[in-house]
Amino acid sequence: MHLITAAPTAPAAEPAGVFTIAGVPFWVVYAAAFGIVLVRAQATYWAGRGVARGTANGRVADALSRPGATAVVERVNRWGPPAVTLSFFTVGVQTLVNLAAGYLRMPYGRYLVALLAGCAVWAGIWTTVGTAAVNAAIAVGLRHPVTLVAVGLGAVALVSWVVHRLTRRTPADASAPAASEDAS
């Protein structure tokens with residue numbers, strides 16, 4: 001009598017989890033995101049420093065040397081680090097804040113502490129919420145591609161409408177410069 005036995009099988013692989021990208025562990029994704037944002041933000045800060053150095057002898061430098069502007073720069077240097085950290089909770093503002101921090105020559109030590117905290121927050125947000133959103137979009141796209149296309153087109157339409165509303169000039173706006181020129 002001949003018995004047929006099944007070959008031993010390897011245990012089933014555990015699911016990768018929602019906070020992975022192609023099976024790469026969370027901490028690797030987090031470290032990569034942290035490194036990317038750290039390099040980008042540092043480059044923006046130093047670009048601001050370079051622009052400040054290039055404009056050190058001009059109208060901008062003269063304007064920043066006035067007493068009122070000096071007081072504002074001192075406030076930015078004092079209260080700017082929390083603004084640097086909080087800018088990482090936003091989309092689009094962080095570049096401007098890092099550029100301004102460099103341009104206004106925020107002391108590097110204070111900037112770096114705020115930057116590291118901001119990078120930690122940004123990497124945490126994008127490696128959890130961002131990765132979950134990408135994985136959800138992939139899952140929807142695989143199961144219901146028409147739905148994914150419809151949601152994408154809806155998002156494009158919404159962004160286009162918002163940009164149009166924010167940038168369009170009303171007739172009152174168009175006549176405002178002419179009215180101010182008549183008054184002078």
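This is a short conversation about helix packing and one threonine in a predicted model.

Trainee: Are the axes of helix H1 and helix H4 parallel, perpendicular or oblique to each other?

Mentor: Good place to begin! The axes of H1 (residues 26–54) and H4 (residues 93–103) come within 6 Å and cross at roughly 45°. Angles under 35 degrees would count as roughly parallel, and 65 to 115 as roughly perpendicular. That angle therefore makes H1 to H4 oblique.

Trainee: How do the residues of the contact of H1 with H4 divide?

Mentor: Have a look at both sides. H1 brings residues including Val37, Ala41, Tyr45 and Val51, which meet residues of H4, among them Leu99, Ala101 and Tyr103. The residues of this contact of H1 with H4 divide into nine nonpolar, six polar and two charged.

Trainee: Is Thr95 buried, partly exposed or exposed?

Mentor: Thr95 has its place in helix H4. Its relative accessibility is 36%, and buried would need under 20%, exposed over 50%. Thr95 therefore counts as partly exposed.

Trainee: Leaving aside neighbours within four places in sequence, which residues is Thr95 in contact with?

Mentor: Try looking across to H1. Thr95 and Thr44 are 51 residues apart in sequence, yet their C-alpha atoms are 6.7 Å apart in space. With those sequence neighbours left aside, Thr95 is in contact with Arg40 and Thr44.

Trainee: At roughly what angle do the axes of H5 and H6 cross?

Mentor: Happy to finish there. Ala137, Val140, Gly141, Leu142 and Arg143 in H5 meet Pro145, Thr147 and Leu148 in H6. The axes of H5 (residues 108–143) and H6 (residues 145–167) come within 5 Å, and they cross at roughly 130°.

Conventions: Residues numbered from 1 in each chain as written. Predicted model: local features only at pLDDT ≥ 70, side-chain atom pairs only at ≥ 80, totals over all residues. Heavy atoms only, no water. Axes fitted to C-alpha atoms, helices over the stretch in contact; angles between N-to-C directions. Helix = DSSP H or I, 4+ residues; strand = E, 2+ residues; numbered from the N terminus. Parallel < 35°, antiparallel > 145°, perpendicular 65-115°, else oblique. Contact = heavy atoms within 4.5 Å. Nonpolar A, V, L, I, M, F, W, Y, C, P; charged D, E, K, R; others polar. Buried < 20%, exposed > 50% of the residue type's maximum accessible area, 1.4 Å probe, protein only.
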